[in-house]
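Thanks for coming. I will go through one chain today, starting with a few loop residues and then moving on to the helix packing.

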Amino acid sequence: PYDSMSSGEAAGLMAMSGGMMIFALLAYVFFSFCLYKIFQKAGVENAWAAFIPIYNCIVFADVVKKPLWFGILMCVPYVNIIFVIWGYNRLSKTFGQGVGFTVGLLLLGFIFLPLLAFGNYQYNGSLVSEDRN
């Protein structure tokens, strides 16, 4: 099927995929920076971990007062859906917010994550029970 593709079509396809890669990279940097600011608010010494895939999930688990395995399960496809929802709910609670904010994080994360990162929300890890088993 690709033998019949004209050079113009191929160039357009390459330009579109390049644009998508740039957008994905910018989105990754933006969300990582938001997570970096959230980690700073939580008092995490190595807040730079927000930029490192997988490790940021482990640090995130620590911020929401969950054990190491919780962060690892956030990286497992399909299983992560449950743990991301659970983690976002606990993140909302640590910043004194409720279930509505959790729904906002899940459905409109590009708005609610920067709100946590750059807004006047204060981290209080004692608002969630510390069950690290």
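Ile54 is exposed, with a relative accessible area of 53%. The cut-off for exposed is over 50%, so Ile54 counts as exposed at its 53%. Before I go further: this is a predicted model. Ile54 sits in the loop between helix H1, residues 7–41, and helix H2, residues 55–63. What is the backbone doing at Ile54, which is not a glycine? Its phi is positive, about 75°.

There is another residue to put beside it. Tyr78, again a residue other than glycine, has a positive phi near 70°. Tyr78 belongs to the loop between helix H3, 68–73, and H4. Is Tyr78 buried or exposed? Its relative accessible area is 72%, which makes Tyr78 exposed. A positive phi also turns up after H2, at Lys65, where the value is near 65°.

Staying with H2, which of its residues are buried? They are Asn56, Cys57, Val59, Phe60, Ala61 and Val63. As for what they pack against, the buried residues of H2 meet H1, H3 and H4.

Now the chain as a whole. It has six helices and zero strands, so to speak of its order is to read α-α-α-α-α-α from the N terminus on. How does the radius of gyration of the protein chain stand against that of a compact globule of 133 residues? The globule would be near 14 Å, and the protein chain has 18 Å. Along the principal axes, the C-alpha atoms fill a box of roughly 60 × 30 × 30 Å. Of the 133 residues, 32% are buried. On contacts, take the pairs at least 6 apart in sequence: 49% of those join residues at least 24 apart.

Next, the helix pairs. Two packed helices are described by the angle between their axes and the distance between the axes. For H4, residues 79–94, and H5, residues 99–107, the angle is about 130° and the axes are 8 Å apart. That angle makes H4 oblique to H5. The crossing of H4 and H5 is right-handed.

Which residues make that contact? From H4 they are Val84, Ile85, Tyr88, Asn89, Leu91 and Ser92. From H5 they are Val99, Phe101, Thr102, Leu105 and Leu106. Sorted by class, the contact of H4 with H5 has eight nonpolar residues, three polar and no charged ones.

Two of the H5 residues are worth a separate slide. Thr102, in helix H5, is buried, with a relative accessible area of 5%. The cut-off for buried is under 20%. What does Thr102 touch, leaving aside its neighbours within four places in sequence? The contacts are Ile85, Tyr88, Asn89 and Ser92. Those four also appear among the H4 residues of the helix contact.

Leu106 also lies in helix H5. Leu106 is partly exposed, with a relative accessible area of 36%. With its neighbours within four places in sequence left aside, Leu106 is in contact with Val84, Ile85 and Tyr88. Ile85 and Tyr88 are therefore on the list for Leu106 and on the list for Thr102, with Thr102 itself buried at 5%. One distance for this region: from Leu106 to Lys93, C-alpha to C-alpha, is 14 Å, with their positions 13 residues apart in sequence.

H5 has a further partner in H6, residues 109–118. What are the angle and the axis distance for H5 and H6? The angle is about 120° and the axes are 6 Å apart. H5 and H6 are therefore oblique to each other. On the H5 side the contact has Phe101, Gly104, Leu105 and Leu107. On the H6 side it has Gly109, Phe112, Leu113, Leu115 and Leu116. By class, the contact of H5 with H6 divides into seven nonpolar, two polar and no charged residues. Phe101 and Leu105 are listed in the contact with H6 and also in the contact with H4.

Last, the segment after H6, where Ser126 is found. Ser126 counts as exposed, at 60% relative accessibility. Where is Ser126 relative to Ala47? The two are 79 residues apart in sequence and 20 Å apart in space, C-alpha to C-alpha.

That is what I have; questions are welcome.

Note on methods
Residues are numbered from 1 along each chain as its sequence is written. This is a predicted model: local features need pLDDT of at least 70, side-chain atom pairs count only at pLDDT 80 or more; totals for chains, interfaces and linings use all residues. Side-chain values use heavy atoms; hydrogens and water are left out. Axes are lines fitted to C-alpha atoms, for helices over the stretch in contact, and angles run from 0 to 180 degrees between N-to-C directions. Angles under 35 degrees count as roughly parallel, over 145 as roughly antiparallel, 65 to 115 as roughly perpendicular and the rest as oblique. A crossing is left-handed if the near helix is turned anticlockwise from the far one by less than a right angle, and right-handed if clockwise. Contact means heavy atoms within 4.5 Å. Ala, Val, Leu, Ile, Met, Phe, Trp, Tyr, Cys and Pro count as nonpolar, Asp, Glu, Lys and Arg as charged, and the others, Gly among them, as polar. The radius of gyration is taken over C-alpha atoms; the globule rule is 2.2 Å times the number of residues to the power 0.38. Buried means under 20% relative accessible area, exposed over 50%, partly exposed in between (1.4 Å probe, protein chains only).
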